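This report walks through the fold of one chain and then turns to the surfaces that meet the nucleic acid. Please keep the sequence and the structure at hand while reading.

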There are 2 protein chains.
Amino acid sequence: MNPYENERLRLKAEVFKAMGHPLRLGIIEFLQLGEKCVCEIVEHVGTEISNVSKHLSVLKKTGIVTDRRDGLKMMYRLTMPCALDFARCVEGVVIKRLDAQRSVMVA
Amino acid sequence: MNPYENERLRLKAEVFKAMGHPLRLGIIEFLQLGEKCVCEIVEHVGTEISNVSKHLSVLKKTGIVTDRRDGLKMMYRLTMPCALDFARCVEGVVIKRLDAQRSVMVA
DNA sequence: GGTCTGTTTTACTATTTTACCAATAAGGCA
DNA sequence: TGCCTTATTGGTAAAATAGTAAAACAGACC
């Protein structure tokens, strides 16, 4: 593994890592509905606005979302559509695990 | 966001998080070539075997890989093919950033 | 049983991430 | 200008993660 290869993996891992938090994933899914302001995102995910803002900056840094100002509001939108394709795929795996958990709980 | 929704996002984020480490991503890409033993993986990624073992357990826990014993060796293989599709997609984004970095270095 | 090989687990330290709260922008409007 | 709304940044404590080395484990083979 040469330096270029290491850097490639590091950048790539950064994208996955950015998506690897429930709140950030929730934001990404919400943004599928279209451009949203921070205030709408806060309302949807239900946590401190400062917390949301920081998570948004993580997503922005890796290029998953981008923002623009609209008056007082900052509008965020997705810039990596393929992220959603994969998210859908993972969904299948996750649903299985959720069902398994429910079976255990019911039993 | 109800409890089920939260749990769904948590599990889903776990998959991304597992892929969000350069070493683990390197392992995943290596396993595209087919089933490999821990010793081969160690040689490929170039770090302590105990470290590789721990990363493998993370990947296994989330269902990205699975293992089987073959004599003394533990063989690992991918179980989430779609992970690769997304990885390829992210690749495009990453390559752009890498190129940008190189431009800066050259300039 | 004893020993070798291949792998996992444990114990430890250093670093990173996270959530919360307070403080600080930055734009709109009286 | 002053004040309101919206969002970001800084600080801090708690929790999670990563890497290393040593110990433990599991199967193969004598």
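A residue is near a molecule or strand if one of its heavy atoms lies within 4 Å of it. The model is a predicted one, and the values below are computed from it.

## DNA strand D

There are 23 residues around DNA strand D, and those that come nearest are S53(A), K54(A), Y76(A), K17(B) and H55(B). Of the atoms of this strand within 4 Å of the protein, 54% belong to sugar or phosphate, while the rest belong to bases. By class, the surface near DNA strand D comprises eight nonpolar, eight polar and seven charged residues.

Chain A reaches both the backbone and the bases of DNA strand D. A polar side-chain atom of S53(A) is 2.7 Å from a phosphate oxygen of the strand, and a polar backbone atom of C39(A) lies 3.0 Å from a phosphate oxygen of DNA strand D. In the side chain of K54(A), an N or O atom is 2.6 Å from a base oxygen of DNA strand D. The elements that give two or more residues to this surface are α3, α4 and β3 of chain A, together with α4 of chain B.

## DNA strand C

Around DNA strand C there are also 23 residues, of which K17(A), S50(A), H55(A), S53(B) and Y76(B) come nearest. Sugar or phosphate accounts for 65% of the atoms of DNA strand C within 4 Å of the protein, and bases account for the rest. The surface near DNA strand C has eight nonpolar, eight polar and seven charged residues.

An N or O atom in the side chain of N51(A) is 3.0 Å from a phosphate oxygen of DNA strand C, and a polar side-chain atom of S53(B) lies 2.8 Å from a phosphate oxygen of that strand. For K54(A), an N or O atom of the side chain is 2.9 Å from a base nitrogen of DNA strand C. Two or more residues of the surface near DNA strand C come from each of α4 of chain A and α3 (38–45), α4 (49–61) and β3 (73–78) of chain B.

## The sheet of chain A

Three strands of chain A form an open sheet in the order β1-β3-β2, with antiparallel pairing. The edge strands are β1 (36–37) and β2 (65–70), each of which pairs on one side only. Strands of a sheet pair through backbone hydrogen bonds, either parallel or antiparallel.

β1(A) pairs with β3(A), residues 73–78, over two bridges, and K36(A) has Y76(A) as its bridge partner in β3(A). β2(A) and β3(A) are joined by six bridges, and the bridge partner of V65(A) in β3(A) is L78(A). These two strands form a hairpin with two residues between them, and G71(A) in the turn has a positive phi of about 65°.

## Helix packing and V38(A)

Helix α4 of chain A, residues 49–61, lies across β2 and β3 of chain A and runs at about 120° to β2(A).

V38(A) belongs to helix α3 of chain A, residues 38–45. Is V38(A) buried or exposed? Its relative accessible area is 15%, so V38(A) counts as buried, the cut-off being under 20%. Leaving aside residues up to four places away in sequence, V38(A) touches I49(A), V52(A), L56(A), M74(A) and Y76(A). One of these, V52(A), is 14 residues from V38(A) in sequence and 7.6 Å from V38(A) in space, C-alpha to C-alpha.

Key
Residues are numbered from 1 along each chain as its sequence is written. Chains are lettered from A and ligands numbered from 1 in the order in which they are written. This is a predicted model: local features need pLDDT of at least 70, side-chain atom pairs count only at pLDDT 80 or more; totals for chains, interfaces and linings use all residues. Side-chain values use heavy atoms; hydrogens and water are left out. Two strands pair if DSSP finds at least two bridges between them. Helices (H or I, at least four residues) and strands (E, at least two) are DSSP runs, numbered from the N terminus. Contact means heavy atoms within 4.5 Å. Axes are lines fitted to C-alpha atoms, for helices over the stretch in contact, and angles run from 0 to 180 degrees between N-to-C directions. Buried means under 20% relative accessible area, exposed over 50%, partly exposed in between (1.4 Å probe, protein chains only). A polar contact is a pair of N or O atoms within 3.5 Å; within protein, one must be able to donate a hydrogen and the other to accept it, and residues adjacent in sequence count only if both atoms are side-chain atoms. Ala, Val, Leu, Ile, Met, Phe, Trp, Tyr, Cys and Pro count as nonpolar, Asp, Glu, Lys and Arg as charged, and the others, Gly among them, as polar.
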